[in-house]
Amino acid sequence: MSLLDQLNPQQREAVENTEGPLLILAGAGSGKTRVITYRIAYLVEYRGVPPENVLAVTFTNKAADEMRSRVERLVRLPGLAQPWISTFHSFCVRVLRRDGERIGLPRDFSIYDEDDQLRVVKACLRQLGLTKRELQARAVLSRISHAKNHGRKPEDFYLSATDPMSERIAQVYDLYEKELRKAHAVDFDDLLLFAVRLLQENADVALRYNERYPYILVDEYQDTNRAQYELVRLLTQTQQNLCVVGDEDQSIYSWRGADIRNIVEFEKDYPQARIIRLEQNYRSTQSILDAASAVVANNRYRKGKTLWTARQGGPKVGSYEAFDGENESLFVADWLARRQEPDERAAILYRTNAQSRLYEESLRRYGLKYNVVGAISFYERAEVKDLLAYLKAALNLADSVSLLRILNSPPRGIGETTAQKIEEIALEANLSFWDALGQALEHKLLPARTLAAIQAFRELMEDLHGMAAEGSVSAILKKVLENTRYIESLEEEGTPEAEGRIENIQELLNAAADSYERSETLSQFLDHAALVSDADNYDENARITLMTLHSAKGLEFPVVFLVGMEEGLLPHSRSLMDPQALEEERRLCYVGMTRAQNVLILTRALARRHYASQMEEGSRASRFLREVPPALLEDLSERRGVRQEQQGERHYEYEPVEDEEAARVTSVENAQRFFGMPGARPEPRIRKPLTGAGLAPGNRVKHPKFGYGTVLRSEGKGEETKLTISFPGFGMKKLMAKYADLERV
DNA sequence: GATTTACGCCTTTTT
DNA sequence: GGCGTAAATC
């Protein structure tokens, strides 16, 4: 029984209780994933449950992948049968692709991501004659999504509207839904909602899935929204071998409709439920756990629990007060440069993605390698999205958002005005965008020149549509590239950016080839792209990882920096007015702190630049920072960051200062000094711009974007020097020396 | 009519 | 600092 021997009594109980509903309240670092994976292994190995009868649902692809590989390591799965481990969303897609027709969903529906959704909303606003000043597409979309997630239809929305603005939004919402249906498209919310409706309205289908999955596990149950909750209910009608795992203190997705009630009222929903608490934390030292617990204890809306750890002591939680954001990021980079052990992974966690840039710059200055999770993922690159739009439209000609996107990219003489005309035609005759194009051709509604371009475009799309039925993804992509001379026009640009785009296209072709290897259909390829798109570029081996607090959930790191601990940033300004939202911010802080195993350092800046404006604004320390008992904190601020001047040139060293007197400068004095002397921020090294003269093959250089590289070739001279440089990780780049902002190293 | 430039606006978090 | 929309120019 080696499997069970690796678990503590509570974990073991959670694994062995395979029959009936089970709620596992798992504190941070208590071995939650371990329990789920062992439970799956146990079901298969000791209870003889066929793997394909197990369904495990997680929130993110990252978590699903992690779980899959851990299960694979644990059990040798017989034959091809696999437990189905996926996110809610991919589960729903699969169900809908198979059975969606039962609720009138076209087989080849497109999935609209947030960008597509925004385009639809904007089109709706335009249609209703609303300008951006009156309603902001983003805000409208979030209201719509909120309504959808709470089961409110446009009519309900309209009826409960108490102000003119909401009434207008209800109108947009109504139109938005109609446009999606017209485009044979569903958004992320629909994926869940339609799956629920399918199972509600078709008892036979529901029964089939119930029988297929007698064992169901749900991770991060505190983050499930209403639709996800319904879905789970619908899947557990004939059996209730349902195991949900969650932690109220880590609920951080209420803005997406997550409802803690799902976890709090589990016993009501499943009266036979057993509850098991996992309260031993295996991850963090006592100091870290105490600090985190002290913070989250300030939340009123919580039942409360006490985590304990056997890892007594540990260094105090560090805190650092910087003059400004730049100094804060340099402190972090500096710490990592001199203190990080070779095999000690570190994470820099922040509230908003926008904060990452400072850290990227500082880490690059110190020559430290890092990995940013989130930000712009591969599938979100413009050129990749363009090509995916070709594929989506090829499969589903009704997909007007995709059609509109590719209509003139690359430029083929169908400009803005033409697109608007077509939209008008579509609107007047209530046609899809595709049919409106046909209409324009048929009745010669546009100048001959434009009609010819449209004719060519329609022919291309018809060809692609024909290929979509059976042709491989690669074949379609190649045809698109050939026909549009996409790559050629990029080559003509000759800029490094264009080269990067070509590389991305190459990468997409590789992905298509891989997909072919897995014998996927076009629609499976697109589903994958739509659902995996996001922050799945987490590299568990990266020495330094940068990511938001949200994406850090479920991960752990020996060293954690929690940065930007300021009012307005960590309790985010948008949440300051709302007590519930504030508590969520506090949980977010808790999630961040509990990622740390050995070292946790909290940093803040006394002044910060917003939107890269000239002016820096002063800030107040985060209330969460003040909620950490002072006895658990060690202030790291006082010993660092004092400037020195050298040879008339501004040159600032960033090193610990031996001088006792200088070392005693308090943060306040630092701040005064800073405000009194503009430019007196510590910078590790001043860059000397290079004109290219004097750079020869073999020289090492540093580029602000690509990092370190080696000069391979130098052409021309003086101002006109062109350099070919190889940047590890970015490939070969041709750069004009005078623009490239290179630094010789 | 299309491309270029100026301006203004913003930004939470994610499947 | 980066984007998209609105004005300015070719």
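Which side chains meet in a salt bridge at 3.6 Å, N to O? Those of Asp99 and Arg98 do. Keep in mind that this is a predicted model, so local features need pLDDT of at least 70 and side-chain atom pairs count only at pLDDT 80 or more, while totals for chains, interfaces and linings use all residues. Residues are numbered from 1 along each chain as its sequence is written, chains are lettered from A and ligands numbered from 1 in the order in which they are written, and side-chain values use heavy atoms, with hydrogens and water left out.

**Salt bridges**

- Searching the whole structure turns up 49 salt bridges, each one a side-chain nitrogen of Lys or Arg within 4 Å of a carboxyl oxygen of Asp or Glu.
- Back to the opening pair: Asp99 is buried at 10% relative accessibility, whereas Arg98 is exposed at 54%. Here buried means under 20% relative accessible area, exposed means over 50%, and partly exposed is in between, with a 1.4 Å probe and protein chains only.
- Glu177 and Lys148 also pair up through their side chains, with an N to O distance of 2.7 Å. Glu177 sits in helix H9 (residues 164-182) and Lys148 in helix H7 (residues 137-149), so this salt bridge ties together parts that are 29 residues apart in sequence. Helices (H or I, at least four residues) and strands (E, at least two) are DSSP runs, numbered from the N terminus.
- Both ends of that link are tucked away: Glu177 is buried with a relative accessible area of 16%, and Lys148 is buried with 3%.
- Another salt bridge brings the side chains of Arg609 and Glu616 together at 3.7 Å, N to O. Arg609 is partly exposed at 34% relative accessibility, and Glu616 is buried at 19%.
- There's also a network: salt bridges with shared partners join Asp113, Asp115, Arg119, Lys385, Asp386 and Arg405.

**DNA strand C**

- Which residues are around DNA strand C? They are Lys122, Arg357, Tyr611 and Ala612; a residue counts as near a strand if one of its heavy atoms lies within 4 Å of it.
- Of the strand C atoms that come within 4 Å of the protein, 38% belong to sugar and phosphate.
- By type, the residues near DNA strand C split into 2 nonpolar, 2 charged and no polar. In this scheme Ala, Val, Leu, Ile, Met, Phe, Trp, Tyr, Cys and Pro are nonpolar, Asp, Glu, Lys and Arg are charged, and the others, Gly among them, are polar.
- Arg357 puts a polar side-chain atom 3.2 Å from a sugar or linking oxygen of DNA strand C.

**Gln222 and its surroundings**

- Gln222 is in the loop between strand S6 (215-218) and helix H12 (226-235). Buried or exposed? Gln222 is buried, at 0% relative accessibility.
- The Gln222 side chain makes a polar contact of 2.8 Å with that of Glu220 and one of 3.4 Å with that of Asp223. A polar contact is a pair of N or O atoms within 3.5 Å; within protein, one must be able to donate a hydrogen and the other to accept it, and residues adjacent in sequence count only if both atoms are side-chain atoms.
- Beyond residues up to four places away in sequence, Gln222 touches a set including Val245, Asp247, Gln250, Ile263 and Lys553, where contact means heavy atoms within 4.5 Å.

**Two valines**

- Val599 belongs to strand S16 (residues 596-609) and is buried, at 17% relative accessibility.
- With neighbours within four places in sequence left aside, Val599 is in contact with Ile288, Trp335, Pro558, Val559 and Val560.
- C-alpha to C-alpha, Val599 and Arg34 are 23 Å apart in space, and they are 565 residues apart in sequence.
- Val296 is part of helix H15 (residues 286-296) and is buried, with a relative accessible area of 1%.
- Setting aside neighbours within four places in sequence, Val296 contacts Asp249, Arg302, Arg586 and Tyr590.
- Val296 and Lys478 are 182 residues apart in sequence, with 54 Å from C-alpha to C-alpha.

**Cysteines**

- How many disulfides does the structure hold? It holds 0 disulfides, a disulfide being a pair of cysteine sulfur atoms within 2.5 Å.
- Take Cys92: the closest cysteine sulfur, in Cys243, is 19 Å from its own sulfur, too far for a bond.
- Cys92 is buried with a relative accessible area of 0%, and Cys589 is buried at 0% relative accessibility.
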